[in-house]
Amino acid sequence: MRAQVKRFPLLSRIFHWTMAVLVLAMLFIGIGMVSTTSDRYNMLFAVHRTIGIVILVLVAGRLINRLLNPPPALPSDLPRWQRVAAGLSHVVLYALMFALPIVGWAMLSAGGYPILIFGTLALPPILPHDVATFAVLRTAHSALAFLLFATFLAHLGAALFHRFIRRDDVLQSMT
Amino acid sequence: MSDNDLDPAREPAADTVTLLRRRPVQAAGIAVVLAGVAGAFLYVGGYLTPGRLGSDRILNAMEANAGGAHAGYRRAHAKGICIAGSFTGDPAGAALSRAAVFGGGAIPVTGRLAEGTPDPYAKDADNGVRSMALSLQPPGGAEWRMAINDTPGLHVSTPEDFYANIVASKPDPATGKPDPARMAAFLATHPEAAAFKARMQAKPLASGFANDSYNSINGFLFVAPDGTRRLVRWSMQAEDSFATLAPEVRKARSANYLFDDLLVRIRQGPIRWRLIATVAAPGDPNRAAVLWPADRRQVAMGVLTIDRVESEATGNCRDINYDPLILPPGIAPSDDPIPFARSAVYATSFRRRSGEQTPPPAVAGQSAEAK
């Protein structure tokens, strides 16, 4: 690694890679659990609820960290549209990392479900029991999850583009 | 590749398309990585394997057999009525499971009594399966939900066989009834289902909801205070004495006679069931279609007291998913594969109906309480 690479602060990198693993796991667990009737269903659902709340806590801490420790600047010769796309995609990623756990929690509340995390800890409902609201939130949860996956793919593609096509320091700044 | 290759200063700023053209192998590699990740995502979601037995596929087949879904209603056990009361655990129950529901005090219960039909307006005389759904709500959130049937076990022991039965039961468009040849072929290849059919034909049908007993069907693990996990099935055994009605008497009764009778019965006083757990002996098959020998240890775990009955139109049970895997600490799923599939299918049924407008139920606007 060259000395002149301006990297993200260590805490930012820890947040990034921890949450990358958790978010990607959640996307795969989520789409997998709703497609199966196997004996993995219940375990996946229990893990999904728990990781969802963990992500909600982490993303709040991560946002505060980002405000305190701003990321390094993008390369100065990056075309304007890529600069704008990078900014927007990060706003979308943060918004969805907040929205998906909150929608999930609200959805289970509106559906009248108990919300157990870590197997035993019961979370309080954050919305009244109302199945019409449940239906809307349940659909929104899936739609937002697909949007998050699409945004993640764009993020991954952009990281690889910086590393292997532009050959700049953007990916290394997060490693 | 040398460090110089990575140095953007050596390369004049080029537009993005030029850069991609200059490095076609890398560009193709990135495309392959992205396509692989997207493909894996879709594969896990079942989008590339239409043969996978997902809950949507099971539910679609059930709805098709019923001639379409009844908007807003459960896709099975659609005709029902809400019940409420309490459950009081027994110390013998607390010895078998550390679930909070067996703690001893009376805890609130809501639930639903229903018939195993997809038609919320079916005639009661035409149905031979009744069910009880319960939500036991001890303080602290360790809720226990169950959906139990008055059948002697289940007709199948795996989700795959459950689906095969739905397919074999598909009504013939010419007659509106299942094709007897297909059904016979299914029973010939599924002896458990044939045995279940014989048990159902031999079983006298209870005259009402109140004197019927309901079985967990599936095996679950009760976790004792010392951590011992025991495979159990349980039943809610009616305190009201059993009676049955002759078929011709049933046919002459009103379309909603089971519900009318229940409303009359509750006005006479609370209706009680004893929760009896049956503990498996080592080697007992954990297959829903196979009954355990009658001499297995039985434990009286508590008493369910129902003192209120109310129409689904105003009651509290229609909007609840009685998912059999909503289990408190102290009760766990076993290796019986059916509850996992039930949980998944119930969730999909709940999802579908929750977004639909629900027309009034067959028994609308009525409620009654025990004196």
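Student: Over which residues of chain B does pLDDT stay under 50, and how many contacts beyond four places in sequence does the model have for them?

Tutor: A general caution comes first: where pLDDT is low, the predicted coordinates should not be read in detail. This is a predicted model, and in chain B pLDDT stays under 50 over residues 1-10, for which the model has eight contacts beyond four places in sequence.

Student: What is the mean pLDDT of chain B, and what ipTM and pTM does the predictor give the complex?

Tutor: The mean pLDDT of chain B is 93, with 96% of its residues at 70 or more. For the complex, the predictor gives an ipTM of 0.94 and a pTM of 0.92.

Student: How is chain B divided into domains, and how far apart do the domain centres lie?

Tutor: Domain 1 of chain B covers 3-44, and domain 2 is made of 55-154 + 196-369. The C-alpha centres of these two domains are 57 Å apart.

Student: Which pattern does chain A follow along the sequence?

Tutor: Chain A has four helices and two strands, arranged in sequence as α-α-α-β-β-α. The C-alpha trace of chain A spans about 55 × 30 × 25 Å along its principal axes. Of the 175 residues in chain A, 28% are buried. Among contacts in chain A between residues at least 6 apart in sequence, 70% join residues at least 24 apart.

Student: How should one read a helix such as α1 of chain A, and what span should its 24 residues have?

Tutor: An α-helix has 3.6 residues a turn, so residues three or four places apart point the same way. For α1(A), residues 10-33, a rise of 1.5 Å a residue leads to an expected span of 34 Å, and the end C-alpha atoms are 34 Å apart, which agrees. The buried residues of this helix are Ser12(A), Phe15(A), Val23(A), Met26(A), Gly30(A), Ile31(A) and Met33(A). They pack against α2, α3 and α4 of chain A, together with α2 of chain B.

Student: How many residues does each chain give to the contact between chain A and chain B?

Tutor: The size of an interface is often given as the accessible area lost when the parts come together. Here the contact is described by residues: 46 come from chain B and 38 from chain A. On the chain B side, the elements that give two or more residues are α1 (16-22), α2 (24-44), α3 (55-65) and α10 (338-354). The most comes from α2(B), with nine residues. By class, this side has 27 nonpolar, twelve polar and seven charged residues.

Student: Is α10(B) mostly covered or uncovered?

Tutor: α10(B) is mostly covered, since 17 of its 17 residues are buried. The span of α10(B) can be checked as well: at 1.5 Å a residue, its 17 residues should span 24 Å, and the end C-alpha atoms are 24 Å apart, which agrees.

Student: Which residues touch the most other members of the largest nonpolar core?

Tutor: That core has 104 residues, and Ile81(B), Val101(B) and Leu262(B) touch the most other members. Not counting residues up to four places away in sequence, Val101(B) touches Phe87(B), Gly89(B), Ile107(B), Leu136(B), Pro138(B), Trp144(B) and Pro328(B).

Student: Are Leu275(B) and Asp172(B) buried or exposed?

Tutor: The count of surrounding C-beta atoms decides. Leu275(B), in strand β8 of chain B, is buried because 25 other C-beta atoms lie within 10 Å. Leaving aside neighbours within four places in sequence, Leu275(B) is in contact with Trp234(B), Met236(B), Met301(B), Gly302(B) and Leu304(B). Asp172(B), in the loop between α5 and α6 of chain B, is exposed, with 12 other C-beta atoms within 10 Å. With the same exclusion, Asp172(B) is in contact with Lys177(B), Pro178(B) and Asp179(B).

Student: What is the phi of Phe118(A), and what is that of His77(B)?

Tutor: Most residues other than glycine have a negative phi, and most peptide bonds are trans. Phe118(A) has a positive phi of about 50 degrees, and the phi of His77(B) is near 55 degrees. Phe118(A) is in the loop between β1 and β2 of chain A, whereas His77(B) is in the loop between α3 and β1 of chain B. Phe118(A) is exposed, with 10 other C-beta atoms within 10 Å; His77(B) counts as buried, with 25 C-beta neighbours inside 10 Å.

How values were computed. Residues numbered from 1 in each chain as written. Chains lettered and ligands numbered in written order. Predicted model: local features only at pLDDT ≥ 70, side-chain atom pairs only at ≥ 80, totals over all residues. Core = buried A, V, L, I, M, F, W, Y, C linked by C-beta atoms within 7 Å. Buried ≥ 20, exposed ≤ 12 C-beta atoms within 10 Å, placed from the backbone. Contact = placed C-beta atoms within 7 Å. Domains from an automatic or database assignment. Nonpolar A, V, L, I, M, F, W, Y, C, P; charged D, E, K, R; others polar. Expected span 1.5 Å × (residues − 1). pLDDT = per-residue confidence, 0-100.
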